[in-house]
Amino acid sequence: REAVAWVDHWPEWPVPALCLYGPKGSGKSHLAEVWRARSAALSVSGRDLIGVNPDVLLGDARGLVIEDADFGIDETVCFHLYNMLKERNGHLLLTATLPPARWNVALPDLKSRLGAALVCEISPPDDELMVGLLIKLFADRQIAPSPQIIAYILPRIERSFAALADLVAAIDRQALAEKRAVTLPLVRSVMDGQ
């Protein structure tokens, strides 16, 4: 909710940068894409910044998304991009699995810029969100799970977005392979086999 609120609060961020961090599959890229579309920002992977000319990359853009920023970015390029965006009254959104304070950043000026960024953790889902995600993931595959299926899955699954997506995909694959409806016995067999 906090991450969505910050994305919605743009362009009124009090600082030029926002970092969304959390586990794989937690929705960081989705929120970054929502912000990118709203702000007409560019998007790049952190790894793709290595050796890039910041002026050429940004052009006249006033927004940039850097995905997976904690996996080996070019610190000098990132520092210049931050400064360029700040001078343009633009914004930078970074996604990562760890907060910036835990990144291995050697460049002191970049470290201080990241230290001043807004930082928002996307935590593992609570029960209410897990139920909503399960229903959405099943609906995306045109499956309407019974309340018993949801109640069976909930206490037996790892608390992560990725685990939910993987389970629903496995259930769908098995149902299609066996030409069966998604029933509680089918769900049990998939979960027992994982």
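Helix 8 and helix 9 sit oblique to each other, a label for angles outside the ranges counted as roughly parallel (under 35 degrees), roughly antiparallel (over 145) and roughly perpendicular (65 to 115). The model is predicted, so local features need pLDDT of at least 70 and side-chain atom pairs pLDDT 80 or more, while totals for chains, interfaces and linings use all residues. Residues are numbered from 1 along each chain as its sequence is written, and side-chain values use heavy atoms, leaving out hydrogens and water.

Helix 8 spans residues 161-178 and helix 9 residues 184-193; they pack at about 120 degrees with axes 10 Å apart. Helices here are DSSP runs (H or I, at least four residues), numbered from the N terminus; axes are lines fitted to C-alpha atoms over the stretch in contact, and angles run from 0 to 180 degrees between N-to-C directions. On the helix 8 side, Leu 167, Ala 170, Ile 171, Gln 174, Ala 175 and Glu 178 meet Leu 186, Val 187, Ser 189, Val 190 and Met 191 of helix 9, with contact meaning heavy atoms within 4.5 Å.

Helix 8 also turns up in the lining of the largest pocket, alongside helix 1 (2-9), helix 2 (28-39) and helix 6 (127-140), each giving two or more residues. A pocket is an open set of points on a 1 Å grid over the protein atoms alone, where a 1.4 Å probe fits, with protein on both sides within 12 Å along at least five of seven lines; lining residues have an atom within 4 Å of a point. Helix 6 gives the largest share, 5 residues.
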